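Visitor: I'd like a close look at one part of this model rather than a quick tour of everything. Could you pick a part and take me through its surroundings too?

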Amino acid sequence: LEEQVPILQSLSNDTSAELVPPANSSDADNGDDEVDNAESRKCWFIRELNKNMPYQIVVVNNKLWGGAKTVYVANSKTFVNIYVGNGQKYRGQYYTPKAPAVIQSQYNEFKEVETANPDNEEETITTQQSIFVVQTEQMPPPPPPADDEENQENDANENENQNEETEQATS
């Protein structure tokens, strides 16, 4: 089950255990300062710009998702949410991909074949032949020819049908 989080809450209450460095890290606290540990768990970093100018800007950065930012013009309803990143959540350690697999050697399709030398029967010649063989295309046998009597009957029936159609068309 996931922890239920209220819809509206203060940014200062939004914390994450993922932001705390691991205990064996040199950045990790040695347990003396609980305040620093609580501060490092906060998911948001708030920065105010142009404090002495008529238009103040507040930039809110998300520490858990490094590319998520909200820029807000103070005392107005104008703000922009933007995410520019690679879709990776913050991790306490660096990402190190594993080494790629060893490149395989080229497949040897040739085998060595020893044949008798036609010039000197006592010597043999070593040649290389491909293991792949070109196959000849085999077509199915043609259908047997039809009997002559059946062909004559079919031709006679077709001629009768054509004669009847022409008679009907002319009448």
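Guide: Let's settle on strand S2, which is mostly covered: five of its six residues are buried. Here "buried" is under 20% relative accessible area, "exposed" is over 50%, and "partly exposed" is what lies in between, using a 1.4 Å probe and protein chains only. For the whole chain of 171 residues, the buried share is 9%.

Before going on, a word on what you're looking at. This is a predicted model, so to speak of local features we ask for a pLDDT of at least 70, while side-chain atom pairs count only at 80 or more, and totals for chains, interfaces and linings use all residues. Residues are numbered from 1 along each chain as its sequence is written, and side-chain values use heavy atoms, with hydrogens and water left out.

Now, what does S2 sit next to? It belongs to an open sheet of four strands in the order S1-S2-S3-S4, with antiparallel pairing. S1 (44-49) and S4 stand at the edges with a single partner strand each, so one side of each has no neighbour in the sheet. On average, neighbouring strands of this sheet are turned by 15 degrees against each other, direction ignored. For that angle, axes are lines fitted to C-alpha atoms (for helices, over the stretch in contact), and angles between N-to-C directions run from 0 to 180 degrees. As for the words themselves, strands (E, at least two residues) and helices (H or I, at least four) are DSSP runs numbered from the N terminus, and two strands pair if DSSP finds at least two bridges between them.

Take one flank of S2. S1 and S2 pair in the antiparallel sense over six bridges, and Ile46 stands opposite Val60 in S2. In the loop between S1 and S2 you'll meet Asn50. Its phi is near 55 degrees, a positive value in a residue other than glycine. Most residues other than glycine have a negative phi. Asn50 counts as partly exposed, at 30% relative accessibility.

On the other flank, S2 (residues 57-62) runs antiparallel to S3 (residues 68-73), and five bridges join them. Val59 faces Val71 in S3, and the bridge partner of Val58 in S3 is Tyr72. S2 and S3 form a hairpin with five residues between them.

Past S3, in the loop between S3 and S4, comes Asn75. This asparagine also has a positive phi, about 60 degrees, although it is not a glycine. Asn75 is exposed, with a relative accessible area of 79%.

Further along the chain, the loop between S4 and strand S5 (110-116) brings two residues to check. Lys89 is found in this loop and is partly exposed, with a relative accessible area of 34%. Lys89 and Gly67 are 22 residues apart in sequence, yet their C-alpha atoms are 9.5 Å apart in space. Tyr90 has its place in the loop between S4 and S5 as well, and with a relative accessible area of 34%, Tyr90 is partly exposed. Tyr90 and Asn62 are 28 residues apart in sequence and 9.9 Å apart in space, C-alpha to C-alpha. Asn62 brings us back to S2, since S2 covers residues 57-62.

How does this fit into the chain overall? There are two helices and six strands, running α-β-β-β-β-β-β-α from the N terminus on. Ahead of the sheet, in the segment before helix H1 (34-40), lies Asn13. Asn13 is exposed, with a relative accessible area of 54%, and its C-alpha is 9.7 Å from that of Arg41, 28 residues apart in sequence.

And how far can you trust the picture? The mean pLDDT (the predictor's confidence in each residue, from 0 to 100) is 79 for the chain, and 77% of its residues reach 70 or more. Confidence is highest in strand S4 (residues 79-83), at a mean of 93, and lowest in helix H2 (residues 148-170), at 67. Where pLDDT is low, the predicted coordinates should not be read in detail.
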